[in-house]
Amino acid sequence: MLYIKVTLFSEERNYMAKPPLGNRTLIRAINRSAVLNMIKTHGSIARTDIAQFTGLSAATVTGITAELIERGLIIEKEEGDSSGGRRPILLAINPSGGYVIGIKLMEHQVIGALTDLEATIIAKHIEKFPDHSLGTITDTLVGVIDKLLLDMDIDKAKLFGVGIGLAGIIDAKKGNLRYSPIFGFRDVPLGKLLRTRLEVPVFIDNDVNTLTLTEQLFGSGQGIDNFITITIGRGVGMGIVVNGQLYRGANGGAGEFGHTVIDPEGPPCACGKRGCLETYVSDPALLKMALKAFSDGEMTEEVRTIEELNALAQVGDHTARAIFKQAGEKLGIGIANLFNIFSPQEIIISGEGVRAGELLFEPMRASIEQHVMPGLDVQDAVIRIDVWDDDVWARGAASLVLQEVFNSPLNIEKTEDNVIAF
Ligand SMILES: [Zn+2]
């Protein structure tokens with residue numbers, strides 16, 4: 001039973017969740033991430049411009065950049081504009097200043113990628129699980145990480161950490177897997193288990209949150225304080241950035257967009273409820289509808305995969321097109337609700353499902369316009385549709401570690417026992 005607690009005067013609320021601002025170490029860390037982020041965003045930039053854009057004093061910028069050069073995180077390049085005088089020295093991120101491993105933990109396999117500081121994939125390794133026991137899964141994860149380091153001859157001292165993204169409810173702060181619908185695990189301290197074996201920082205989060213971090217650090221979410229990432233494919237997920245910070249909700253349960261109810265009388269959902277958005281939009285839902293249409297004699301061809309359904313719709317099959325149209329309309333209702341609640345500057349749609357293209361997105365846009373509250377000016381908000389690339393999930397998991405380097409400490413929920421030395 002769902003127990004809703006109403007507290008009128010909360011004494012439990014921790015008003016001092018963040019360290020006090022007088023803390024000099026914290027201020028130094030905030031400034032350092034601001035400088036690093038500025039260099040990353042510009043590609044290469046002069047010290048004077050860093051000072052101007054961040055508002056930090058020239059002396060502070062000089063001190064911080066000297067420290068970052070010494071640690072090998074940034075490098076000097078003599079490439080500035082030489083209009084008349086001496087060429088200014090530009091600073092850039094040293095991609096090989098450190099490495100990160102990003103892992104997407106899937107139902108039957110682990111996809112691991114070794115990336116540099118710019119989340120560029122250097123090496124990739126995929127390993128399948130023989131079974132779903134916790135022992136097998138941790139052994140496979142450790143095996144993939146060791147192999148990536150060994151193959152590329154990377155010293156563990158240069159590994160900033162390991163980021164793991166998977167579907168489910170994850171308490172990122174504690175590194176706990178609270179509930180995994182794929183593996184059936186409840187309350188597994190996966191972060192701690194791996195940290196003990198690997199002796200490097202290990203970060204775990206919901207896979208859609210990791211993807212949202214990649215958008216924030218390296219993608220179209222750069223410099224945007226309020227945006228939402230929606231993923232479509234096997235399920236429907238959501239990552240929320242509010243005031244520059246990833247919003248995880250209490251205990252990491254935020255963003256279950258796929259299980260928001262569109263119609264309480266609708267089709268049954270895997271979660272046990274009825275009419276969730278996923279039952280109209282996810283790949284398995286679309287295939288189920290296609291199968292029914294075929295057995296009812298409404299569709300000429302039997303399709304077994306989402307690619308086949310897509311191909312059939314592309315050549316003009318009316319029923320196949322109607323299935324995508326309905327999915328787009330329902331997704332549009334869900335997104336209109338998100339606009340009403342969050343009023344984001346940008347909504348990024350990602351995931352394998354974007355391959356359906358305009359079959360899905362044309363009805364989606366019409367549906368958003370139809371259902372959003374008048375006066376919200378959604379035409380000013382950008383809806384960006386990602387070009388899908390299979391490496392996105394692993395890069396996302398790597399970003400879970402990279403955010404510790406580039407994001408302000410004020411915007412990161414610190415993970416217990418995880419300290420990156422840089
Ligand atoms: Zn559901």
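At 27% relative accessibility, His-259 counts as partly exposed, where buried means under 20% relative accessible area, exposed means over 50% and partly exposed lies in between, for a 1.4 Å probe and protein chains only. The structure is a predicted model, in which local features need pLDDT of at least 70 and side-chain atom pairs count only at pLDDT 80 or more, while totals for chains, interfaces and linings use all residues. Residues are numbered from 1 along each chain as its sequence is written, and side-chain values use heavy atoms, with hydrogens and water left out.

## The zinc site

His-259 is one of the residues that coordinate the zinc ion, through its ND1 atom, and the SG atoms of Cys-269, Cys-271 and Cys-276 also serve, at 2.0 to 2.3 Å. Donors here are N, O and S atoms within 2.8 Å of the metal (3.2 Å for Na, K and Ca), and since water is not among the atoms, sites may look incomplete. The angles among the four donor atoms run from 105 to 121°, and the site is tetrahedral, a label given to four donors if all angles lie between 85 and 135 degrees. Along the sequence, the spacing of the donor residues is H-x9-C-x1-C-x4-C. His-259 and Cys-271, twelve residues apart, both lie in the loop between β14 (245-247) and α7 (278-281). Cys-271, with 39% relative accessibility, counts as partly exposed.

## Overall make-up and cores

The protein has twelve helices and 16 strands, taken as DSSP runs (helices H or I of at least four residues, strands E of at least two) and numbered from the N terminus. Of its 422 residues, 50% count as buried.

A nonpolar core is a set of buried Ala, Val, Leu, Ile, Met, Phe, Trp, Tyr and Cys residues joined through side-chain atoms within 4.5 Å. The largest such core has 44 residues, of which Ile-230, Ile-232, Phe-257, Leu-309 and Ile-335 touch the most other members. Helix α10 (residues 318-342) gives the most to this core, with nine residues. Because domain 2 (98-214 + 392-411) and domain 3 (221-385) both give residues to this core, it lies between them; the domain bounds come from an automatic or database domain assignment.

Leaving aside residues up to four places away in sequence, Leu-309 touches Leu-286, Ala-290, Met-299, Val-303, Ala-320, Ile-323 and Phe-324, where contact means heavy atoms within 4.5 Å. A second, separate core of 33 residues includes Leu-36, Met-38, Ile-45 and Ile-224.

## Individual residues

Two residues that are not glycines have a positive phi, as the table sets out.

| Residue | Phi | Place | Relative accessibility |
|---|---|---|---|
| Ala-119 | about 65° | loop between β5 (109-115) and β6 (121-128) | 0%, buried |
| Ser-343 | about 45° | loop between α10 and β15 (346-350) | 44%, partly exposed |

Thr-136 lies in helix α4 (residues 134-151) and is buried, with a relative accessible area of 14%. Its side chain is joined to that of Ser-133 by a polar contact of 2.8 Å, a polar contact being a pair of N or O atoms within 3.5 Å; within protein, one must be able to donate a hydrogen and the other to accept it, and residues adjacent in sequence count only if both atoms are side-chain atoms. Not counting residues up to four places away in sequence, Thr-136 touches Pro-130 and Asp-131.

Conventions: Four donors count as tetrahedral if all angles lie between 85 and 135 degrees; four count as square planar and six as octahedral if opposite donors are over 155 degrees apart and all others between 65 and 115; anything else is irregular.
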